[in-house]
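Hello,

Here is the structure I promised to pass on to you. Please have a look at it first, and then read on for what turned up in it.

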Amino acid sequence: MDAVSNLSRAADWLREAENIVVFSGAGVSAESGIPTFRDEGGVWDRFPPEQFATPSGLLATAARQPHRVAEFIIGLLEPIAEAAPNAAHLAVAELEKHAGVTVVTQNIDGLHHDAGSTTVWEVHGSVFQIVDQAGRQLRRVSRSDLRAVVDALRQTLADGFQLDQARQAVRPVLDFGPQGYCRPDIVLFGEAMAEPAWTKAREASEECDCMLIVGTSGAVYPAAMLPEQAKSAGANIIAVGPERCFCDLWLRGTAGAVLPALLKLVSGQGT
Ligand code: NAD
């Protein structure tokens, strides 16, 4: 089937569906300037996950090379601090005019919320939610709070990196010392999925008629089992992205190009 008939078949499935789950990954935010982790030149190339994305790896790196952790935090937070929703996030929010839509995202960047989607389950948590050691919510921070942390950390690196200065810089989002413990509520490798988001995401995946997967490799488990679960429950599975993943119908292309075109067809404005 060619690209045009794939798009129109996907639009038919979405139009016929009463309950749609949009399952998104890092690729949906790539066009907002937030790099994916896995793609070439992505975060994992510069910061290997075994050193930066597990609790024990991160602590070991912090003890041996604290300035590298500062660089990692800047690399993670700066693009998110600067980001705004792109055409793909906005199209997902618009889809609610046509059906019940539940957004299940692996992203921590808050962009589906900012685009106006009303039901968003962040299964890997949110960088804006700061929690204590027991996972209790302490406060929410804003994009400009993240910007301030990044600027202060950059200053410590420019000053020759002093640990005390760096700890002071990150304190609004991260602290391990006697003055308290806090961290962003994001799921590192080996940690439990965010709740209640994960339970809600599994329920929604079992109940949907159509799942629209956007910008995910399907390599990160357990999140990647949701499309298989939706398929077993009878849903049609559409995937959007440059690489094929588990799906019935693949719309090849970037999220920012494909989703607005798809939305036009769903709302009867396309050709
Ligand atoms: P991933 O496994 O979801 O892979 C990214 C996918 O996006 C790839 O398949 C890639 O081909 C695709 N992609 C790249 N550009 C695209 C575009 N313009 N449009 C559509 N698809 C595009 O994610 P990952 O990068 O391996 O990250 C792993 C985990 O790290 C995520 O599940 C998430 O929890 C976290 N993460 C979050 C963010 C964020 O919040 N924006 C960014 C990076 C990573």
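**Arginine 147 and its contacts**

Not counting residues up to four places away in sequence, arginine 147 touches Glu78, Ala81 and Glu82. Please keep in mind as you read that this is a predicted model. Arginine 147 itself lies in helix H8, which spans residues 143-158. Two polar contacts start from its side chain: a contact of 2.8 Å joins arginine 147 to the side chain of glutamate 78, and a polar contact of 2.8 Å joins arginine 147 to the side chain of aspartate 151. If you would like a distance to check on screen, the C-alpha atoms of arginine 147 and isoleucine 74 are separated by 9.3 Å, although these residues are 73 apart along the chain. Is arginine 147 buried, partly exposed or exposed? Its relative accessible area is 22%, so arginine 147 counts as partly exposed, given that buried means under 20% and exposed means over 50%.

**The nonpolar cores**

Next, have a look at the inside of the protein. The largest nonpolar core has 34 residues, and those touching the most other members are Ile73, Leu77, Ile80, Val127, Leu146, Leu153 and Val173. Which elements give two or more residues to this core? They are helix H2 (43-46), helix H5 (66-82), strand S4 (125-131), helix H8 (143-158) and helix H9 (163-170). H5 gives the most, with 9 residues. Leucine 77 is a good place to zoom in: leaving aside its neighbours within four places in sequence, leucine 77 is in contact with Val127, Leu146, Val149 and Val150. There is also a second, separate core, made of 31 residues, and it includes Ala88, Val103, Cys210 and Leu251.

**Around the ligand**

The model also holds a ligand. How many residues surround the ligand? There are 26, and the closest are Phe37, Arg38, Gln106, His124 and Ser217. By type, the shell around the ligand divides into 9 nonpolar, 12 polar and 5 charged residues.

Three atom pairs are worth finding on screen:

- A nitrogen atom of the ligand is 2.9 Å from a polar backbone atom of alanine 255.
- An oxygen atom of the ligand is 3.0 Å from an N or O atom in the side chain of threonine 216.
- An oxygen atom of the ligand is 3.4 Å from a polar backbone atom of alanine 26.

Taken alone, the ligand exposes 840 Å², and the protein buries 93% of that.

**Two buried residues**

Threonine 36 sits in the loop between strand S1 (19-24) and H2. Why does threonine 36 count as buried? Its relative accessibility is 12%, and the cut-off for buried is under 20%. Not counting residues up to four places away in sequence, threonine 36 touches Ala26, Gly27, Ala30, Gly42 and Val43.

Isoleucine 186 is found in strand S6, residues 183-186. At 14% relative accessibility, isoleucine 186 counts as buried too. Leaving aside its neighbours within four places in sequence, isoleucine 186 is in contact with Leu76, Ile108, His124, Gly125, Ser126, Val127 and Glu191. Two of these names may look familiar: His124 is listed among the closest residues to the ligand, and Val127 belongs to the largest nonpolar core. As for glycine 116, its C-alpha atom and that of isoleucine 186 are separated by 22 Å, with their positions 70 residues apart along the chain.

Happy exploring, and best wishes!

Notes: Residues numbered from 1 in each chain as written. Predicted model: local features only at pLDDT ≥ 70, side-chain atom pairs only at ≥ 80, totals over all residues. Heavy atoms only, no water. Near = heavy atom within 4 Å. Polar contact = N/O pair within 3.5 Å; in protein donor to acceptor, adjacent residues only side chain to side chain. Areas by Shrake-Rupley, 256 points an atom, 1.4 Å probe, with all protein chains shown as cover. Nonpolar A, V, L, I, M, F, W, Y, C, P; charged D, E, K, R; others polar. Core = buried A, V, L, I, M, F, W, Y, C linked by side-chain atoms within 4.5 Å. Buried < 20%, exposed > 50% of the residue type's maximum accessible area, 1.4 Å probe, protein only. Helix = DSSP H or I, 4+ residues; strand = E, 2+ residues; numbered from the N terminus. Contact = heavy atoms within 4.5 Å.
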